[in-house]
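Here is a friendly walk through a two-chain structure, in questions and answers. Have a look at it first, and then we can dig in together.

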Amino acid sequence: MPSALRAEGLTVRFGGNVAVSDVSLALAPGEILGLIGPNGAGKTTLFNALTGYVTPESGRVSLFDRDITRLAPHERARAGCGRTFQTERPFEELTVLENVLVAAFLHEPRRSGAERLARETLEQVGLGDRADQPAGDLNLARRRRLELAKALATRPRVIFLDEVMAGLNPPALREMIAFVSELSRKGLAVLMVEHIMEAIVELSDHVIVMASGAKIAEGAPEAVMRDERVIEAYLGTD
Amino acid sequence: MRTHLLGLAAFVALGLAYPVLFPSALTIAITILLFVGWATAWDVLGGWAGQVSLGHAAFVGLGAYFVAIGVTEYGLAPWWSALLGMAVAAALAFAWGWLTFGLRGPYFTLSTIAFAEILRLVAINEGWLTGGATGVFIMTLPEPFGLDLFDRQTQYWLALGFAVLVIGIVVALSRGRFGYALRAVREDEDAAMAAGIDPKRTKLKAFMLSGALTALGGGLYGIVLSFLEPHVMFYLLLSVQIALTAIIGGRGTIWGPAAGAMVLIGSGEVFRTTFAEANLLIYGVLILVIVLFAPRGLVGEATRRAIRRRYAKRAQS
């Protein structure tokens, strides 16, 4: 099976600081890859390098064997990368429906088709009854779902979820976990940065642990959690 | 959509009735209609795409000069030279946008002031083409279908047509892909890119459309004044007035710029005739009051409230 997403030797440098150092990863369709690590480990930078928001110094990124290393973020979105933002970013002046419409227009250039897709996507994330509300008025949990809807409405083949679970109360968290699991069952490749271990352990087929910009461990979630280096990176050594 | 088409129909009806009701006040109506068109065109870039320009007088001047020079020097009919002026306006907008859309925040705005100023200096110094600081007179105009283009009545219909055309374009784009791309770019460029939107390309298209439409009104303005000088046509004050009209009326709304033109230009005229010396003071106070109590502009506040109310009502039922 071809990789949905593959990164080889990605290095990102900000001035003199190496934010991401020689990271490689591969992700198959329908697979969920969890990306964890302490704050400042370079997870979000890696995320941004994969989605085109940060230019890597070296390394390459490919999507279904197509080299996308040189593509701008909007071109990657067209190629099939959908992403959410860690600090959720609704278009505040637009309604919930219009927010999703913006994304739905990517593959549905006509208003009628785009609106149908946007409404379907809103139903899917459970925001169907909020369509006409100004997006700026949504609470946190609903903003997260809106972020997801915006990413999904671009009909991605790989979806990048940047801490979509953070700050959710237990029922909302359960719903989000079930939802992400459903996405992968439908064949979407999922890459998620997450601090909520419950979600990582339950969802990930595969986990990558980062610390100080480098990949320090990789494998099945339970095995990785017991890894000496991982425990050390999270708790420090005495 | 239906509301906006009804609005447009009402606007046209008002425009058709006006010359019958006030046949002696056509000049002020022409000015208002030109500002309706300009402010609405400005708003495609300034309101919908969020890129505030203080250089739109450049496009007004371009359109006016193309028409004037076309007629006086080359015997070119004004509609052809207006089209040419629109094309050149779009090309200049493209070039200027290409250079400056990398700039964020107020820097783009500052650069547009320079843009208009450059054109003003060209118009002053290249006297062989533009008549220099003395300006150009339009003495004769062709008479298509026997229409006298110097006649206020004719000019009024043209101005009405211009205003309706620009509003019609905005109504059409507001619901479609391009209209939403514009708003997305205004709200958050990074998030817009995540939806597959190219921010620079989107802003360039908005700038070109905005510039070309403004130039079309500029061509008409040249005919209305029939005398062009660089200090009027490319003047910063005109740029500011166009921007202010749209902002007061409500940026990024379909009817805001039109409402702004009617309130500002209309009241400006009333104040000038009734308050004499104090008119600018009262004008200033009016602007201040609107900015303080309706920061989104007159129509902007009204629509936001309407959306909230509609949602609240639906949520209750």
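Q: At what angle do helix α2 and helix α7 of chain B pack, and are they roughly parallel or roughly antiparallel?
A: In this predicted model, α2 (residues 26–48) and α7 (residues 152–174) of chain B have axes 9 Å apart. Their packing angle is about 20 degrees. Angles under 35 degrees count as roughly parallel and those over 145 as roughly antiparallel, so α2(B) and α7(B) are roughly parallel.

Q: Is the crossing of α2(B) and α7(B) left-handed or right-handed?
A: Handedness depends on which way the near helix is turned from the far one, with anticlockwise by less than a right angle giving a left-handed crossing. For α2(B) passing α7(B), the crossing is left-handed.

Q: Which class of residue, nonpolar, polar or charged, supplies 16 residues of the contact of α2(B) with α7(B)?
A: On the α2(B) side, the contact includes B:L26, B:I30, B:L33, B:G37 and B:V44. From α7(B) come, among them, B:R152, B:Y156, B:L160, B:F162 and B:V170. Five of the contact residues are polar and one is charged, while the 16 are nonpolar.

Q: How many buried residues are there in α1(B)?
A: Helix α1 of chain B runs over residues 2–21 and has 20 residues. From first C-alpha to last it reaches 28 Å, close to the 28 Å expected at 1.5 Å a residue. A residue needs 20 or more other C-beta atoms within 10 Å to be buried. The helix is hardly covered, and its count of buried residues is zero.

Q: Is α3(A) oblique or roughly parallel to α4(A)?
A: The axes of α3(A) and α4(A) (residues 111–124) lie 8 Å apart, at an angle of about 120 degrees. Roughly perpendicular covers 65 to 115 degrees and roughly antiparallel starts over 145, so α3(A) is left in the remaining class with respect to α4(A): oblique.

Q: Which residues of α3(A) make the contact with α4(A)?
A: The crossing of these two helices, α3(A) and α4(A), is right-handed. The residues of their contact divide into nine nonpolar, one polar and one charged. From α4(A) come A:A114, A:E115, A:L117, A:A118, A:T121 and A:L122, and from α3(A) come A:V96, A:L97, A:V100, A:L101 and A:A104.

Q: How many residues of chain B are in contact with chain A, and which helices of chain A each supply at least two residues to the side that touches chain B?
A: Across the two chains, 26 residues of chain A are in contact with 21 residues of chain B. The side of chain A that touches chain B has 13 nonpolar, four polar and nine charged residues. The helices asked for are α2 (73–79) and α3 (96–104) of chain A.

Q: Is B:F227 buried or exposed?
A: B:F227 sits in strand β2 (residues 227–228) of chain B. Its contacts, leaving aside neighbours within four places in sequence, are B:G135 and B:F137. The cut-off for this class is 12 or fewer C-beta atoms within 10 Å, and B:F227 has 12 such neighbours, so it counts as exposed.

Q: Is A:D65 buried or exposed?
A: A:D65 is in the loop between β4 and β5 of chain A, and so is A:F64. Phi is positive in both non-glycine residues, near 45 degrees for A:F64 and about 65 degrees for A:D65. With 16 C-beta neighbours inside 10 Å, A:F64 counts as partly exposed. A:D65 has 9, so it counts as exposed.

Definitions and conventions:
Residues are numbered from 1 along each chain as its sequence is written. Chains are lettered from A and ligands numbered from 1 in the order in which they are written. This is a predicted model: local features need pLDDT of at least 70, side-chain atom pairs count only at pLDDT 80 or more; totals for chains, interfaces and linings use all residues. Two residues are in contact if their C-beta atoms, placed from the backbone, lie within 7 Å. Helices (H or I, at least four residues) and strands (E, at least two) are DSSP runs, numbered from the N terminus. Ala, Val, Leu, Ile, Met, Phe, Trp, Tyr, Cys and Pro count as nonpolar, Asp, Glu, Lys and Arg as charged, and the others, Gly among them, as polar. Axes are lines fitted to C-alpha atoms, for helices over the stretch in contact, and angles run from 0 to 180 degrees between N-to-C directions. The expected span of a helix is 1.5 Å times one less than its number of residues.
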